[in-house]
Amino acid sequence: MYCRNCGRENPDSNNCCIYCGQQLNDSPSANNQQPIVNNYMYTAPSASGASVAALVLGIAAILLFCFGLLSITCAVLAIVFGAIGKMSGKAGGGMAVAGIVLGIISLIPSVTFLIMVDSIF
Ligand SMILES: [Zn+2]
């Protein structure tokens with residue numbers, strides 16, 4: 001195999017480069033990839049969690065539009081979580097945008113319903 005460091009050919013049986021001493025097995029690159037994978041695994045759930053929360057709250061806001069303030073609360077939270085999910089720049093950005101859009105859309109019937117209830121009573 002060829003040395004990753006100096007590019008010279010070494011016998012396959014060698015663990016280290018006979019010219020420069022560089023390790024010839026894959027363990028250094030595997031060790032380099034491990035923290036990246038761990039970092040992704042660690043940060044992705046929190047980022048996409050906000051996006052999922054935004055989407056769920058946005059849907060809830062629309063479904064709960066007849067509950068007035070509860071729906072508006074869900075809508076505002078959907079927009080806030082959507083902004084968090086979007087700004088984090090991680091996975092779930094589409095869900096974050098959907099949550100923001102759903103939150104804004106749901107504000108319209110919610111506020112309309114509140115005004116109607118106010119005008120009736
Ligand atoms: Zn070498």
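**Figure 1. Burial and fold of the predicted model.** A residue is buried if 20 or more other C-beta atoms lie within 10 Å of its own. By that count, 28% of the 121 residues of the chain are buried. The model is predicted. Its secondary structure comprises three helices and zero strands. Read from the N terminus, the order of elements is α-α-α. Take the contacts between residues at least 6 apart in sequence: 55% of them join residues at least 24 apart.

**Figure 2. Close-up of helix 2, residues 69-88.** Helix 2 has 20 residues. Its end C-alpha atoms lie 28 Å apart. At 1.5 Å a residue the helix should span 28 Å, so the two values agree. The buried positions of helix 2 are S71, I72, C74, A75, A78, I79, F81, G82, G85 and K86.

**Figure 3. Close-up of helix 3, residues 93-120.** Helix 3 contains 28 residues. From first C-alpha to last, helix 3 reaches 41 Å. That is close to the 40 Å expected at 1.5 Å a residue. Buried in helix 3 are M95, A96, G99, I100, L102, G103, S106, L107 and S110.

**Figure 4. Packing of helix 2 against helix 3.** Two packed helices are described by the angle between their axes and the distance between the axes. Here the angle between helix 2 and helix 3 is about 155°, and the axes are 8 Å apart. Angles over 145 degrees count as roughly antiparallel, so helix 2 is roughly antiparallel to helix 3. The crossing of helix 2 with helix 3 is left-handed.

**Figure 5. Residues at the contact of helix 2 with helix 3.** Helix 2 contributes S71, I72, A75, V76, A78, I79, F81, G82, A83, G85 and K86. Helix 3 contributes G93, M95, A96, V97, G99, I100, L102, G103, I104, S106, L107 and S110. By class, the residues of this contact divide into 14 nonpolar, eight polar and one charged.

**Figure 6. Surroundings of I79 in helix 2.** I79 has 23 other C-beta atoms within 10 Å. The threshold for burial is 20 or more, so I79 is buried. Leaving aside neighbours within four places in sequence, I79 is in contact with I100, G103 and I104. These three residues are among those of helix 3 that meet helix 2. I79 and A98 are 19 residues apart in sequence. Their C-alpha atoms are 9.4 Å apart in space.

**Figure 7. Surroundings of L107 in helix 3.** L107 is buried, with 20 other C-beta atoms within 10 Å. Beyond its neighbours within four places in sequence, L107 is in contact with I72 and A75. Both I72 and A75 are buried residues of helix 2. L107 and V76 are 31 residues apart along the chain. C-alpha to C-alpha, L107 and V76 are 8.4 Å apart.

**Figure 8. An exposed position on helix 3: T112.** T112 has 11 C-beta neighbours inside 10 Å. A count of 12 or fewer makes a residue exposed, so T112 counts as exposed. T112 and C66 are 46 residues apart along the chain. Their C-alpha atoms are separated by 9.6 Å.

**Figure 9. An exposed position before helix 1: G21.** G21 sits in the segment that precedes helix 1, which covers residues 27-63. Within 10 Å, G21 has 10 other C-beta atoms. With 12 or fewer as the limit, G21 is therefore exposed. G21 and C6 are 15 residues apart in sequence. In space, the C-alpha atoms of G21 and C6 are 9.6 Å apart.

Conventions:
Residues are numbered from 1 along each chain as its sequence is written. This is a predicted model: local features need pLDDT of at least 70, side-chain atom pairs count only at pLDDT 80 or more; totals for chains, interfaces and linings use all residues. Helices (H or I, at least four residues) and strands (E, at least two) are DSSP runs, numbered from the N terminus. Two residues are in contact if their C-beta atoms, placed from the backbone, lie within 7 Å. The expected span of a helix is 1.5 Å times one less than its number of residues. Axes are lines fitted to C-alpha atoms, for helices over the stretch in contact, and angles run from 0 to 180 degrees between N-to-C directions. Angles under 35 degrees count as roughly parallel, over 145 as roughly antiparallel, 65 to 115 as roughly perpendicular and the rest as oblique. A crossing is left-handed if the near helix is turned anticlockwise from the far one by less than a right angle, and right-handed if clockwise. Ala, Val, Leu, Ile, Met, Phe, Trp, Tyr, Cys and Pro count as nonpolar, Asp, Glu, Lys and Arg as charged, and the others, Gly among them, as polar.
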